Amino acid sequence: MPSSEGKAKLVRLVTREDVLRAEIPWPTFQTAGIITKDQLEMIYQLDKQSIETKLALFHTRGVAHVELMKELLAGVNQDVVLQYVLATLDQLISADARICSHFQALLVQSKGYTDPYGPLMKLLTRSSLFVLEKASALLAKLLTYPMPPASDGHAQQVLTRHLETFTDWLLFNLKSAEPKEAADSPKLQFVVGALQLLVATPAGRRMCLNADGLPVLYGLISACGGAASVQLLYQLIFSLWSLSYSPEAAAAMVSSKVGIIPKLVDILKTVQKEKVIRVTLSTMRNLLGTETASADMVASGVMPVLYGFQPRKWADEDILDDVNTLISALQVNLQTLTSWDVYKKEIATGKLEWSPTHKSDTFWKDNHKAFETGDFETVKTLVSLLSSEDPQVLAIACNDISEFIKAHPDGRRLMTQFGAKPLAMQVLKHPDPTVQKYALSCVQRLMVINWEYLNKA
């Protein structure tokens with residue numbers, strides 16, 4: 001959750017228990033016509049009781065209690081009352097998720113015309129951190145609770161509309177977050193927490209996918225950096241993990257142009273926190289067998305990382321199980337992939353590693369004609385990598401262009417045709433001496449027709 005003790009104290013200044021101990025002048029709300037005499041008696045019966053007593057009372061008159069909560073949330077503007085109602089609902093639903101069914105019962109019995117979710121939706125505009133946290137968490141649970149079969153059509157429409165609006169609200173707040181401030185934003189912490197609850201359900205996964213939530217998640221994951229963001233990173237990847245249980249979402253994650261699999265592999269390489277590693281591995285395990293996922297993992301350099309994980313001592317035994325499962329599955333995949341398949345996948349990811357392929361004369365001799373397939377797609381992608389901001393990618397791209405020119409009889413003309421020369425000239429100015437070295441070789445082969453005489457000069 002919060003990244004520092006000070007922030008934690010700020011966010012948790014008011015606890016659910018504090019709120020439930022508050023003395024509230026309930027009769028004033030009957031006098032004001034907000035609640036009836038019967039509803040006043042109901043709130044007194046619930047107030048200050050044990051959770052067991054509250055659950056028994058609520059289930060006895062479920063719809064009536066939901067109407068009571070709805071009237072209080074809609075008719076009272078005082079934070080202390082709103083907090084009390086939200087704390088009560090949070091306590092009840094956390095103890096027994098079937099409380100959600102009474103909200104649906106009211107909606108269905110009224111054929112969608114008595115809306116118990118509307119007042120909660122309006123609370124998303126409040127400034128109180130407690131109200132915002134509880135309202136967003138409650139909506140994530142209430143709106144995704146399974147509707148009974150053959151529910152009223154209009155009631156279903158009302159529920160779906162709220163779920164769409166709530167999902168859009170979550171994603172809007174995620175997109176609006178400043179990357180540098182994301183880990184220390186209490187509101188964002190509540191939003192991400194609600195997203196975790198949302199995508200833990202089939203309905204929430206469908207809604208998040210339909211709302212194009214994957215690029216939003218990827219953007220924030222990419223922005224997370226440093227120890228201060230570890231918890232936020234964990235929650236975001238946890239959401240990806242939940243989404244990966246949906247075949248549609250898993251397919252979208254693999255085919256996504258934003259590069260989710262390379263990013264997950266990058267996290268395994270750079271993040272040390274065990275819980276982040278655990279949920280990242282679990283996500284990748286779920287993606288095995290989905291379209292090109294296995295090949296993408298191999299091309300992103302996951303195998304050395306997994307081999308490095310095997311001898312480590314893990315507090316969570318599931319990590320080693322995931323590691324071994326991934327290795328077994330990917331080794332089978334490696335046996336069916338040609339060196340060209342692996343290379344092509346690696347180039348497509350834009351995340352290049354100094355694997356033996358890049359400096360293998362045999363690879364370039366055997367595969368230079370394969371670059372012509374797909375309207376020279378791999379050549380074009382390789383040239384585009386000369387604009388990368390990663391020094392290692394620049395160095396490897398320059399190396400590979402040089403090797404292609406050396407191996408392909410028409411390599412110089414093709415690379416010139418697809419714009420490699422001006423980009424390589426720019427790379428020559430890079431401050432990294434290793435990049436300069438490979439860029440110089442690349443430019444020489446692009447500029448000199450009989451490049452084979454370079455070494456004789």
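1. Over residues 259-287 the chain is 86% helix and 0% strand, and the C-alpha atoms at the two ends are 14 Å apart. Helices (H or I, at least four residues) and strands (E, at least two) are DSSP runs, numbered from the N terminus. In UniProt, an unreviewed entry lists residues 259-287 as "repeat: ARM". UniProt positions are given in the numbering used here, feature names are shortened, and annotations may be inferred rather than shown by experiment.

2. A word on the basis of this note. The model is predicted, with local features needing pLDDT of at least 70 and side-chain atom pairs counting only at pLDDT 80 or more, while totals for chains, interfaces and linings use all residues. Residues are numbered from 1 along each chain as its sequence is written, and side-chain values use heavy atoms, with hydrogens and water left out.

3. Glu-274 belongs to helix H18 (residues 274-287). With a relative accessible area of 23%, Glu-274 is partly exposed; buried means under 20% relative accessible area, exposed over 50%, and partly exposed in between (1.4 Å probe, protein chains only). Between Glu-274 and Asp-316 there are 8.2 Å in space, C-alpha to C-alpha, and 42 residues in sequence.

4. The next topic is helix packing. Two packed helices are described by the angle between their axes and the distance between the axes. The axes of helix H6 (residues 62-75) and helix H7 (residues 79-95) cross at roughly 150° and come within 9 Å. Axes are lines fitted to C-alpha atoms, for helices over the stretch in contact, and angles run from 0 to 180 degrees between N-to-C directions. H6 and H7 are therefore roughly antiparallel to each other. Angles under 35 degrees count as roughly parallel, over 145 as roughly antiparallel, 65 to 115 as roughly perpendicular and the rest as oblique. The crossing of H6 and H7 is left-handed, a term used if the near helix is turned anticlockwise from the far one by less than a right angle, with right-handed used if clockwise.

5. Helix H10 (residues 129-142) and helix H12 (residues 186-198) have axes that come within 8 Å and cross at roughly 15°. H10 and H12 are therefore roughly parallel to each other, and their crossing is right-handed. H12 also packs with H11, at an angle of about 135° and with the axes 10 Å apart. H11 and H12 are therefore oblique to each other, and the crossing of H11 and H12 is left-handed.

6. Three residues of H10 and H11 may be examined individually. Leu-170 is found in helix H11 (residues 153-176) and is buried, with a relative accessible area of 0%. The C-alpha atoms of Leu-170 and Cys-208 are separated by 9.5 Å, with their positions 38 residues apart along the chain. Gln-157 is also in helix H11, but at 51% relative accessibility it counts as exposed. The C-alpha atoms of Gln-157 and Ala-64 are separated by 23 Å, and the two residues are 93 residues apart along the chain. Lys-141 lies in helix H10 and counts as partly exposed at 25% relative accessibility. Lys-141 and Asp-90 are 51 residues apart in sequence and 9.9 Å apart in space, C-alpha to C-alpha.

7. A search of the whole structure finds 18 aromatic pairs. One of them joins Phe-363 and Trp-364, which are edge-to-face at 5.2 Å centre to centre with 85° between the planes. Rings of Phe, Tyr and Trp (its six-membered ring) pair if their centres lie within 6.5 Å; planes under 30 degrees apart count as stacked, over 60 as edge-to-face and the rest as tilted. Both Phe-363 and Trp-364 are buried. They also belong to one aromatic cluster, formed by Trp-340, Tyr-343, Phe-363, Trp-364, Phe-371 and Phe-404.

8. Two lysines lie over ring faces. Lys-275 is over the face of Tyr-234, at 4.9 Å from the ring centre, and Lys-359 is over the face of Trp-354, at 4.7 Å from the ring centre. A charge sits over a ring if NZ of Lys or CZ of Arg is within 6 Å of the ring centre and within 35 degrees of the ring normal.

9. Finally, two backbone positions deserve a check. Asp-212 has a positive phi of about 60° although it is not a glycine; Asp-212 is placed in the loop between helix H13 (202-210) and helix H14 (213-223). Asp-375, likewise a residue other than glycine, has a positive phi near 60°. Asp-375 is found in helix H24 (residues 373-384) and counts as exposed at 54% relative accessibility.
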